[in-house]
Amino acid sequence: MKKPRVCILRTDGTNCDRETAYAFERAGGEPHLVHVNQLRAGEKKLTEYQILVIPGGFSYGDDVHSGKILAVELTSFLKEQLQEFVDRGKPVLGICNGFQVLVRTGLLPAARIGDIKTTLMHNNSGRFECRWVYLRVENTSCIFTRGLAGRLLHFQAAHGEGKFYTDSQNLSKIEEGRQVVFRYATSNGEPATVYPDNPNGSLNAIAGICDPSGRVLGLMPHPERFVDLVQHPNWRRQQFREPHGLPIFRNAVTFAQEM
Ligand SMILES: NC(=O)CC[C@H](N)C(=O)O
């Protein structure tokens, strides 16, 4: 079956693009590192790809607000291409800085550019938090987490502005619409209400959300950092059936192949 072409969007300050490309290679995709300037210049077009990923990093040095400048750039110069990509139902994944970009364009939670309803704020600790965290996978229509509902996954979080925040009306809408895909959890799977299990103070321990279609996903922890068993700090002692991040990329590839 043909490998889906994966656009891994990068710009100045992006630093998780190569490991994200590796994760999609492992999952059976055909990753392409695409600089935003290539899209702006028309050298490449989003329509040439079946999956779009905005990887982690410090785009434009996190100036103003993590992910803000890239979000404004996408909204200002690539709005039509991006909205068409989403409206065609193609999978979109934002990891960490990519999640920040998606909420600051409005593509999350409502898949509408310009309809900004949530944010990712500075961590309650006031500093960069970098540690492995447990995530409980919620039962949603998200195409990236098919077959994972109820699972307790272990990923690395590494961010300064990861606190998910929105007003009570939008929070109820996201919860009632089953758009919360991942919650920070304790090692026995309970929602993490306190630091450090909840590394940033996110409302309702929210670590990742999807749009109502389940095809746009953003999360703060890094699934691309656990697609080989040896990437886990405990890999010699803990018996993992498979690396916890791999199914997320494989689900995206399978979905794109079935479109
Ligand atoms: N790993 C990342 O993508 C970090 C995102 C962003 N630079 C922050 O610190 O919050």
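**Two helix pairs to look at first**

1. A good place to start is where A23, F24 and R26 in α1 meet L246, F249, A252 and V253 in α8. Sorted by class, this contact of α1 with α8 holds six nonpolar residues and one charged residue, with no polar ones. Please keep in mind as you look around that this is a predicted model.

2. Now for the geometry of that pair. Helix α1 covers residues 17–26 and helix α8 covers residues 246–258; the two pack at an angle of about 65°, and their axes are 8 Å apart. Angles of 65 to 115 degrees count as roughly perpendicular, so α1 is roughly perpendicular to α8. If you turn the view to follow the crossing, you will find that α1 passes α8 in a right-handed way.

3. The second pair is helix α3, residues 68–77, with helix α5, residues 97–105. Their axes come within 8 Å and cross at roughly 50°. The two helices are therefore oblique to each other. As for handedness, α3 and α5 make a right-handed crossing.

4. Which residues of α3 and α5 make the contact? From α3 come K68, L70, A71, L74 and T75, while α5 supplies V101, R104 and T105. By class, the contact of α3 with α5 has four nonpolar, two polar and two charged residues.

5. A short recap for your next look at the model: the crossing of α1 and α8 is right-handed, and the crossing of α3 and α5 is right-handed too. The contact of α1 with α8 has no polar residues, whereas the contact of α3 with α5 has two.

Methods: Residues numbered from 1 in each chain as written. Predicted model: local features only at pLDDT ≥ 70, side-chain atom pairs only at ≥ 80, totals over all residues. Heavy atoms only, no water. Axes fitted to C-alpha atoms, helices over the stretch in contact; angles between N-to-C directions. Helix = DSSP H or I, 4+ residues; strand = E, 2+ residues; numbered from the N terminus. Parallel < 35°, antiparallel > 145°, perpendicular 65-115°, else oblique. Left-handed = near helix turned anticlockwise from the far one by under 90°. Contact = heavy atoms within 4.5 Å. Nonpolar A, V, L, I, M, F, W, Y, C, P; charged D, E, K, R; others polar.
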